[in-house]
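User: Could you take a close look at a single helix for me, and tell me how it sits among its neighbours? A connected walk-through would be lovely.

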Amino acid sequence: MVLPAVGASLVVLLGGAAPDAALGAPPAAVVADVAGADRVVALTFDDAWDPSSTRAVFDILQAEAVPATFFPVAVGVERDPALWRRIAASGDPIGNHSVDHPDLTALSDEALAAEIADAKRAIEAAIGGPSAPLLRPPFGRLDDRVRHVAGAAGYATLVLWNVASNDWAEPDPTLVASRSLAGGAGSIVLLHAGPASTIAALPTIIAGYRARGFAFVTVPELLAAAG
């Protein structure tokens with residue numbers, strides 16, 4: 001497992017004492033890519049505040065027969081449960097990205113545990129079934145305390161990324177596509193289910209990876225490939 005470089009869209013904090021309540025649970029592992037994987041990449045989509053934008057992303061993925069992994073905030077899922085039931089029914093994993101996108105490292109132990117549990121509960125109530133046991137901390141911010149609390153909550157893996165599209169701040173879909181296509185075998189690509197630039201760039205991203213001989217997998221499939 002390789003952590004991505006620290007940048008404007010990703011900050012990884014090291015250290016931080018684990019709370020006593022979580023000391024008995026193995027801390028969650030942190031993964032940003034899977035070295036040695038075959039020519040596959042995992043597209044991931046965060047946030048999903050706006051159902052119409054999320055639907056546009058999902059419709060493109062479905063039309064292109066591309067699996068992806070979603071990390072929505074729970075408040076976004078609650079705005080259109082029918083859409084998220086459709087996503088779940090497609091087989092695309094739906095992970096946990098918190099209730100409303102706080103910096104998890106800034107929360108108290110109790111608030112941190114509640115943020116993870118409340119998001120899981122709300123997502124699973126909306127989709128009518130289990131969500132994926134994958135947690136992506138907002139902003140990519142984590143420390144040892146977050147890892148322990150996540151592990152205690154049943155999340156064995158914190159999913160980061162090694163390819164950042166920066167679509168959240170970039171209105172030019174050409175740049176979003178070029179950044180997203182920087183990945184290699186085993187890459188996890190960070191996109192967001194929301195920006196218009198993401199929707200416009202997504203067909204180019206799909207076509208670009210396919211032209212290089214890559215196939216698309218979900219994050220659980222990518223992790224399974226690691227053995």
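**A close look at helix α4**

Analyst: Happy to, and a good place to begin is the residue where the helix has just ended: right after α4, glycine 128 adopts a positive phi of about 70°. Please keep in mind that this is a predicted model, with a chain average pLDDT of 91 and 89% of the residues scoring at least 70.

The helix itself covers residues 109-127. With 19 residues at 1.5 Å each, α4 should span 27 Å, and the 28 Å between its end C-alpha atoms agrees with that.

Now for its sides. The buried residues in α4 are Leu112, Glu115, Ile116, Ala119, Ala122, Ile123, Ala126 and Ile127. They lie on the same side of α4, because they cover an arc of only 140° around the axis. An α-helix has 3.6 residues a turn, so residues three or four places apart point the same way. On the face turned away from that buried side you will find Glu110, Arg121 and Ala125, which are exposed.

What do the buried residues of α4 pack against? Their partners are β3 (69-72), α2 (74-78), α3 (81-90), β4 and α5.

Two of these partners lead on to the sheet. Its 3 strands run in the order β1-β5-β4, forming an open sheet with parallel pairing. β1 (29-31) and β4 (134-135) are at the edges with a single partner strand each, so one side of each has no neighbour in the sheet. Helix α5 (residues 144-152) packs on this sheet and touches β1, β4 and β5, its direction making about 125° with that of β5.

Notes: Residues are numbered from 1 along each chain as its sequence is written. This is a predicted model: local features need pLDDT of at least 70, side-chain atom pairs count only at pLDDT 80 or more; totals for chains, interfaces and linings use all residues. Side-chain values use heavy atoms; hydrogens and water are left out. Two strands pair if DSSP finds at least two bridges between them. Helices (H or I, at least four residues) and strands (E, at least two) are DSSP runs, numbered from the N terminus. Contact means heavy atoms within 4.5 Å. Axes are lines fitted to C-alpha atoms, for helices over the stretch in contact, and angles run from 0 to 180 degrees between N-to-C directions. pLDDT is the predictor's confidence in each residue, from 0 to 100. The expected span of a helix is 1.5 Å times one less than its number of residues. Buried means under 20% relative accessible area, exposed over 50%, partly exposed in between (1.4 Å probe, protein chains only). The arc is that of the directions from the helix axis to the C-beta atoms.
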